[in-house]
Amino acid sequence: MYRGHHTLDTYRCRAHKDQAPDHHEAVSLSFRSSIFNPAKRFRFHSGSSSSSSSSEQEQVNEALGCLQIAIRDTTELVVFLSGCPRLYRQPYNMYLIVDKCMFGRQMEMEWIMNFLLQEDAPVAGYPCVLPIIGPGKVGKTTMIEEACNDDRVRNRFSKIVCFSQDSIKDKRRIATLSDCDVIKHYNRASKAQRILVVIELTGEIDEGTWRELYSNCRQHLGNGSKIIVASRSDTIARFGTTQAVRVQFFTQEAYWYFFKVRTFGSINTEDYPNLASIAMEMARELDGCFFSAHFYSRLLKANFNAHFWSMALAMIKEFKRMNLFIFGSHSVDPWQVVEPVCIKKTSSQYLVILDDYQTGSAQNPDQSGAAMLSIQEVLFGRVRPRGKFKVLAWRSHLPPHYSYMLNCEVWRPQQGMVSTKKRIQDIAS
C-alpha cells in the first residue's frame, strides 16, 4: 500500500513540476539542478531523457502490477482468514487517528503481544526473555509502553516493573525487584505471581553480568513471569529464549505516507500539487527521522503556504549541506545526534547541538532553572541565544509521553571546530 501511494504521488509531483516552474527555487540557491537533488533528476522528459522516462514508467507499471496481484489474491485471503481465530483489534486508535496512535508497527506489536500472552513452558525453570533490538529513537520504548498498557497484559501479570541501564549495575536490586525505576502496574487483587520485567539498555551488557542477573531472577520471579530487554546492540539477541524483535526505521514509501497524512490530514494532496511536491522532497531529505516528521508536519500545517514550505525545505538542505562540509567523508547522520551537529548559522556564529536526552512525562524538562527555548523559536524565530542553553525539541503524543531535549551552544568558528576551521569558513563565505 505504501509503495503504491509513494509511486502515484511521485508521478503526480513530477508531472506538476514539468508543467509549472519551481516557485520555491528562489528561496535558496541549493534548488539548482544537481546530482545531490533527486527530486530534480526524477522527471518525465523527452529526447535525451527518454531512458529516464522509460524507467519511471516501468516503476509505475511494476507498482500497478503488484497492486493488481494483491487485489486478485484478496478473495482467497478472505476465505483463508475466515477459518482463523479473530485477533483483538483496536481499529479506531490504531489506524484511523494517526496523530494519536502508533503508526506502522502492527507486526512488531503482534509479535510482542503473542510473547506476553502465550503460555510458554519456561526453559529449565527460567523466565522467558524477548530481546527487542533497534537503533535509537526508532520506537522501542513506545512499543513496550503500548504493550504494558494493554488490558490483557495487565490482567495476566500481577506486576510490571521497569529497570534502566543504571539500575542493573546493582544486580541485587533487579534480582529482588527492589527499588525499580518504575512500577508500571501493580494488581494487588491478582492471585497469580507472574511478573513482567522490562529492562531498557542504552549501552552494552556483558554476558557474565547477564548470566548472573538472569540466574538470580529465577529465584524471585514466579512461574509464567517474563522479561523484555530492549537495546540498540545486537549482542542481546543471544540472551533471548525466543527470536528477537528487530525494529527498523520506515521504508521511504511508508515514511512518505506517514509524513503526508500528518501534514495534510484530510486535505487531498491532488488539490495542492505544488505543496505536495515540496512535502515529498522534504520527506526525502528527512531520511526517516521521526522527530523531524512530527516537528515539520506541525509547522507546515500551521503555515499552509508554498513560500513558508519552500523556506523550511531550503533550511533542511542547508542543515545537511553544512554538516557534510564540517564532517566531510566521515559525516554521520545529522538527524541522529552522535556528536555535535550544526543546526543554524547566524552571521559569524553557529548554533550547535551538543547532545540530546529525554525526560519522562512526570519530570520537569527544565529542572535546572536555565532558560529553555523551543526548536521552532531557534530555527524560525528572532531569538539570539548565547552560550549554552536547552531546547525543547518535541513532546511525544504517545505514552510514555517523553520530552525530547537538546543541549545546545553558540559556537564561533574557532571554538570547538579547530580541525574543521577551513570548512567552516567555506560555509560562512
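These legends walk through several close-up views of a predicted model.

**View 1. The whole protein, before we zoom in.**
To get your bearings, start with the full chain of this predicted model. The protein has 429 residues, and 45% of them count as buried. Its secondary structure comes to 15 helices and eleven strands. Look at the contacts with a separation of 6 or more, and you'll find that 70% of them are between residues 24 or more positions apart. On the outside, the protein exposes about 23,000 Å², with carbon and sulfur atoms supplying 52% of that area.

**View 2. The largest nonpolar core is built from 47 residues.**
Which residues have the most contacts inside this core? They are F259, M282, Y296, W309 and F389. The helix that gives the most to the core is α11, residues 273–286, with eight residues. Pick out M282 and set aside its neighbours within four places in sequence: what's left in contact with M282 is F259, Y296, L300, W309, A312, L313 and I316. There's another core too, lying apart from this one. That other core has 25 residues, including M102, L116, V153 and L196.

**View 3. A closer look at A312, in helix α13.**
Helix α13 covers residues 306–327, and A312 has its place there. Is A312 buried or exposed? A312 is buried, because its relative accessible area is 0%, and the cut-off for buried is under 20%. Leaving out neighbours within four places in sequence, A312 is in contact with M282, Y296, L300 and F380. Take Y296 from that list: A312 and Y296 sit 16 residues apart in sequence, and their C-alpha atoms are 8.2 Å apart in space.

**View 4. Strand β11 is mostly covered.**
Strand β11 runs over residues 403–411, and nine of its nine residues are buried. Follow the strand along and you can sort its residues by the way they point. S403, M405, N407, E409 and W411 point one way, while Y404, L406, C408 and V410 point the other way, and all are buried. So which strands are joined to β11? One is β8 (residues 349–359), joined to β11 by nine bridges and running antiparallel to it. Within this pairing, Y357 has M405 of β11 as its bridge partner. Another is β10 (residues 388–395), which is also antiparallel to β11 and is joined to it by seven bridges. Here K388 stands opposite E409 in β11.

**View 5. Six strands make an open sheet with mixed pairing.**
Reading across the sheet, the order of the strands is β3-β2-β4-β5-β1-β6. At the edges are β3 (182–186) and β6 (245–246), each of which pairs on one side only. Now zoom in on β1 (residues 128–133) and β5 (residues 226–231), which run parallel and are joined by six bridges. A good spot to find in this pair is C128, which stands opposite K226 in β5. As a general point, strands of a sheet pair through backbone hydrogen bonds, either parallel or antiparallel. Which helix lies across β1, β4 and β5? That's α9 (residues 207–220), running at about 155° to β5; β4 covers 195–200.

**View 6. Aromatic rings pair up, and some of them link into a cluster.**
The count of aromatic pairs comes to 17. One of them is F250 with F258, an edge-to-face pair with 6.1 Å from centre to centre and 65° between the planes. Both partners are tucked away by the numbers: F250 counts as buried at 13% relative accessibility, and F258 is buried with a relative accessible area of 4%. F291 and F295 also form a pair, this one stacked, at 6.1 Å centre to centre with 15° between the planes. These two residues are four apart in helix α12 (residues 290–302), so about one helical turn separates them. F291 is partly exposed, with a relative accessible area of 22%, whereas F295 is buried at 4%. Finally, look for the cluster: ring pairs link F103, F249, F250, Y257, F258 and F290.

Technical notes. Residues are numbered from 1 along each chain as its sequence is written. This is a predicted model: local features need pLDDT of at least 70, side-chain atom pairs count only at pLDDT 80 or more; totals for chains, interfaces and linings use all residues. Side-chain values use heavy atoms; hydrogens and water are left out. A nonpolar core is a set of buried Ala, Val, Leu, Ile, Met, Phe, Trp, Tyr and Cys residues joined through side-chain atoms within 4.5 Å. Buried means under 20% relative accessible area, exposed over 50%, partly exposed in between (1.4 Å probe, protein chains only). Contact means heavy atoms within 4.5 Å. Accessible areas come from the Shrake-Rupley method with a 1.4 Å probe; for residues, only the protein chains shown count as cover. Two strands pair if DSSP finds at least two bridges between them. Axes are lines fitted to C-alpha atoms, for helices over the stretch in contact, and angles run from 0 to 180 degrees between N-to-C directions. Rings of Phe, Tyr and Trp (its six-membered ring) pair if their centres lie within 6.5 Å; planes under 30 degrees apart count as stacked, over 60 as edge-to-face and the rest as tilted.
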